[in-house]
Structures are given as structure tokens and as C-alpha cells.
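Subject: Structure handover

Hi,

Here is the structure I promised to pass on. Please load it first; my notes follow below.

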Amino acid sequence: MPNTGKYETVVTRFSPNPDAPIHLGSARAIILCHEYAKMYSGKFLVRFEDTDPKLKQPKLPFYDMIEEDLGWLDCKPDEYYFQSDRLPIYYAYTEKLITQGNAYICHCRPHKFKELIVAQTACPCRNLSPKEQMRRWQKMQDGTYKEREVVVRVKTDLAHPNPAVRDWPAMRIINTQKHPHPRVGSKYRVWPLYNLACGIDDHLLGITHIIRGKEHLTNQTRQEYMYKYFGWKYPEAIHYGRMKIAGASLSKSKIVQGMQEGIYQSWDDPRLATFAALRRRGIKPEAIRQLIIDVGPKSQDLTLSWENLYAHNRKLVEPIANRYFFIGNPLKMIVRNIPKSLSAKVALHPDHPERGFRQFVIEPDHGVARAWVSSKDVNNFEPGQVVRLMGAFNVKIGDIEENSVETVFHSKQLREARELKAPLIHWIPEYMNLKCRVVLPTAHVLEGLAEDSCAELEADTIVQFERFGFVRIDSNEKHLVTAYYCHR
RNA sequence: GCUCCGGUAGUAUAGUCCGGUUAAGUAUGACGGCCUCUCGAGCCGCCGACCCGGGUUCAAAUCCCGGCCGGAGCACCA
């Protein structure tokens, strides 16, 4: 990070608008800010930019959700700020700009103003005296002017090559009787725009390093005019590129829209890339952190794949996840000619035998026993083929029916299965199962059976369903386990 | 249209500022092998890139110019 030595303490900030939950798209700002602050033993602040009670209405629950997500990500801020608490500050600085003659109240219609500004000419309001401007400012405050009637503009160079920076808007009126703010209600009618509020706060809160998306590049240019008027020094700014994830929508508005249309049932719908959804699926915050650090703050746009996140997560989860059998879309396997009853012991984790075993018991009745196997495996069976039921014995496939498979006992030893190159499949004895549903990343639910030892699993545990994938146990009732699929 | 920013393997990243022992490192991915009563992990091998064209130079991914491609901004949003 540039020029860290120039500052006594490095201060970074993350500034979300609490109008929706935060998602993977915010991860870059959060983690980079938090990480750099930590690296230089500085401070990391969170500032809620909740200054649009009309178009981008903040909602109270989102403040809490964002706080929860930050805690989960292990990026707890040192301090919280709310822009909706700071309106008097913005007023004071606006008045200062007005009396300096560096800001004016403009009542030009937007299209008219645009025409003028493109032609690099001043609008009629621009050159009025500061005294007159103050009178207008009073009329904004006391209700004489209505919503959309006037706007405060900060003066810049009218000939600036980029028309977008010329005399940018800083304050506007919002009818908060009609659109009350969730935190301060209808107390204020004049509200700051992004560049004024953000610019003032970054200075006042002592932010030394701004890390944000490159869509804010021109905002820096705009704010620098204001900084010059106040004699302030603009912080170091890093603008990273746009981040996409193949196959996921990182757009807040699309997520909100999908919720409104009822496409998603909740903010943690597995199709979403919200932190809440990732958490529910069993993604570890540390995996997200490593991914973001890996990606860094480059200004180049990037498209990540889920595989990238999964690879990090897999490394984290693999050693801790115990193994269980889960059968999706179960079919019954009938095994004949079993010589005697037997029990199979399968390790909870192949690399950690000390964690213990699960045990499956087969009690044949006149040599016949039944077990559950997945239809996906059965689809690959050929009559006459030998397959091994993991940990138990090998069977020879007979007739394959709609809802069952006939087999006969073939042999006991793993060695024999290896010699025959028999596939190893997982299975569950007929009566040793629980109902289990797995919520997939598509939000589809896969119905199936889990081995009965899953009854002890507590919610929030991450386990691996063998030959299926890692899942997070979402809830565990007496006879029904619900799991969220994480990745294979 | 105007104003910016950027283009290194499938994906992402190092190297670019201060041109040369790196004709390019790393991660992930694909593939093959070993190991393992799943998958994965681990180990070994392998595949794979400097957007294009000029210029400067003894020498360019690295500097300059042009082009092409991608992205962002041009709101009384943040």
C-alpha cells in the first residue's frame, strides 16, 4: 500500500449503504481495508452511508445484518459511524463552502443545466453573491423550496475536460414526510449527496487510505475540489477493478429485485452470493479472506470462478469434516446368499482413525439382506458386474428393476474387489437410516437417506457425505436431517 | 458521443514504476501416475500466457506512438 509511512496510524474504512445485505462483491473492500489496517496496526472503520431515504432506502435490519456479516468475516471494525447522525456537520461545511463562494444553490432544471455545463458555461445561479446563496440555503432548510426544486452545487473548473466533474451536486431536498428515514425519521429535509458526505467524512474521520471500486475514480477528482477549498489533503486512494463470479449475480439491485419478486425465499438463498448464503452453505470466512488476498487490489477487472473459492474452502474443511454416507434418490438393493451376519466399520475420517468409526450391521434372513444405494450408482451398473459395498463385501449385480436391484453375495475381501476393478459404492443398511434432504446451490432439494449415526450431528457442523460432497448440517430434527450442499 | 482506467496460460496473480542471468514464477484448473476401502488432501509428472502493429535500444512483458478489445463514469444513487 502506498505511503503508509507518511501517516502516524493507517485508517481505512468500509462504507456500505444498508439498503440490502452485503455480498461477495463487497468482500474486496472489506477484507483489503481490514487486512491493511491490521498489517500496519491501524484502524478499520465502518461508516453507514445511509443518506438516501428515498431512492436507496436504508432498512434497519440491514444495519444489523451487515454488522453480523462483518463479525463472521472476522473483520470487526474499531468504530461505527452513521452518516444519518451527521447531517449538522454536513450543513456546517456546506455553509462554509457557500460563504467562501465555492458553492451555490442552483434551481436550473437538470436538462437545462446539462446543456450549459456541456457548453462550459455558467448557469445563472452560479455567480450570485454568497449572501444571496445563503438566503436560498435558508429557503432549502425552511421548506420554501420543495423536493427537486433546487440543489447545492460545488464549483469546479467549468472547463474541466471531463464534463462529469463540472459543478457537481452536493445537497438536495428530500420529502421525508413522505419518505421518512429509518433512523432519523422526518427530522431533516436537506440531505447530502455522496461526494459531499463521503468527502467530508473521510477527512474528519482521519481516513488515510481509501480502498474502493474504480467506479469512484471520478468522484476523487470531484472531491479534490472541495478538499482544496477547505485546505485538506486527499487520502491515498486505491481503486480496484470490477469483480465478477462466473454464474453468480453480484448485483445488489438484482438480489433485491429477486427477493421482491419472490424468486428467492430469503437473503441466504443458496443461489445468492450474499455472505449469509455462503455462511449457510458452509463456506468458511477464512476461505473468502484468502481468496481476496490472493486477488489483491489490482485495478484490472476480474472474473473468478466458484472453483476458486471452493479450492480454498476445501483445504480448510477437509481435515475437520467427518465422513458419513448419504444416499440421494435411494433404491433398494437385495443381496442373496450372504453366508453369515456381519458388521462393517468405516472410519469417521480416513486420516484420523482416532476419531472413531461408524458401524453397520447386516443380519441376513435366510441369507437375504437389503440395503439402500443411490439410483445414480445403480444407473451405472451392468448385470454380471461386481461392486463393493464399502467396508462390507462384494456383490454381483443381477436384475435391475425400476425400484430395486437384485444381487448375490460374491466375496468378502477388498482385495478381491480391487482385482476385479469393482467400483466401491456407499450404502446404508435397510433399517439404519434417517430421512435427509440436501439443499443444492440451485435451491433444489435432493431427497434421500443418511446413515443413522448422523442423528448425533449438531446444526452448523460441516461433514462430508462420501462420494457426494461437503455439506453443512442446517438443522437436525428427530428423524429428518437438512443439509446445505457446499461443494464436492 | 465525451472523460477516465485496464489488457500476462481456462481462471486469478507475480514481474511493468528503476528495460537485460525468468523467452516468464505462483495458485487454482485440465490431464497422467503414486497413495488411499469415497472424494479430497498429499507426493510426482505434464498442459498452458506476455492483445496486435510500429518505434526507441546492443536488449522490451517492462519505455513511446497507433490500433483493437474489455470495463467504469457522465443521477437531485452510493
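At what angle do helix α3 and helix α5 pack, and how far apart are their axes? The angle is about 150°, and the axes are 8 Å apart. α3 covers residues 87–100 and α5 covers residues 130–142. The two helices are therefore roughly antiparallel to each other; the cut-off for that word is an angle over 145 degrees. On the α3 side the contact uses E95, I98 and T99. On the α5 side these meet P130, Q133, M134 and W137. By class, this contact has 4 nonpolar residues, 2 polar and 1 charged.

Keep in mind that this is a predicted model.

**Domains**

Chain A is assigned three stretches of interest. Domain 1 is in two pieces, 4–86 and 198–311. Domain 2 spans 103–191, and domain 3 spans 319–488. The centres of domain 1 and domain 2, taken over C-alpha atoms, are separated by 28 Å. Where these two touch, domain 1 contributes 14 residues and domain 2 contributes 15 residues. On the domain 1 side, α7 gives the most, with 5 residues. That side divides into 6 nonpolar, 4 polar and 4 charged residues.

**A second helix pair**

Helix α1 (residues 24–39) meets α10, with axes that come within 9 Å. The axes cross at roughly 85°. α1 and α10 are therefore roughly perpendicular to each other. From α1, the contact takes A27, R28, I31, L32 and E35. From α10, it takes I288, R289, I292 and I293. The class split here is 6 nonpolar and 3 charged, with no polar residues.

**The three-stranded sheet**

This sheet is open and parallel, in the order β1-β2-β3. β1 (11–14) and β3 (79–82) are the edges, each with a single partner strand, so one side of each is left without a neighbour in the sheet. From one strand to the next, the twist averages 30°. β1 and β2 (residues 43–48) run parallel and are joined by 4 bridges. In that pair, V11 stands opposite K43 of β2. α1 turns up again here: this helix packs on the sheet and touches β1 and β2. The direction of α1 makes about 160° with that of β1.

**The seven-stranded sheet**

The other sheet is also open, but its pairing is mixed. Its 7 strands run in the order β12-β25-β26-β27-β23-β24-β13. Which strands sit at the edges? They are β12 (322–324) and β13 (326–328), and each pairs on one side only. The twist averages 40° from one strand to the next. α11 packs on this sheet, where the helix touches β25 (462–465), β26 and β27. Its direction makes about 125° with that of β27.

β27 (residues 480–487) is a good strand to follow, since both kinds of pairing appear along it:

- With β23 (residues 433–439), β27 runs parallel over 5 bridges. V439 stands opposite Y484 there.
- With β26 (residues 469–476), β27 pairs in the antiparallel sense over 6 bridges. S475 stands opposite T482, and I473 has A483 as its bridge partner.
- A hairpin of 3 residues joins β26 to β27.

**The RNA surface**

How many residues surround RNA strand B? There are 55, and the closest are E49, N162, A164, Y194 and E215. By class, this surface has 19 nonpolar, 14 polar and 22 charged residues. Six elements each supply at least two residues: α4 (110–118), β6 (169–173), α7 (217–230), α10 (285–295), β11 (302–304) and α11 (306–317). The largest share comes from α11, with 4 residues.

Several of these elements have already appeared above. α7 is the one that gives the most to the domain 1 side of the contact with domain 2. α10 is the partner that α1 crosses at roughly 85°. α11 packs on the seven-stranded sheet.

Over to you.

Best wishes

Notes:
Residues are numbered from 1 along each chain as its sequence is written. Chains are lettered from A and ligands numbered from 1 in the order in which they are written. This is a predicted model: local features need pLDDT of at least 70, side-chain atom pairs count only at pLDDT 80 or more; totals for chains, interfaces and linings use all residues. A residue is near a molecule or strand if its C-beta atom, placed from the backbone, lies within 6 Å of it. Ala, Val, Leu, Ile, Met, Phe, Trp, Tyr, Cys and Pro count as nonpolar, Asp, Glu, Lys and Arg as charged, and the others, Gly among them, as polar. Two strands pair if DSSP finds at least two bridges between them. Axes are lines fitted to C-alpha atoms, for helices over the stretch in contact, and angles run from 0 to 180 degrees between N-to-C directions. Angles under 35 degrees count as roughly parallel, over 145 as roughly antiparallel, 65 to 115 as roughly perpendicular and the rest as oblique. Domain bounds come from an automatic or database domain assignment.
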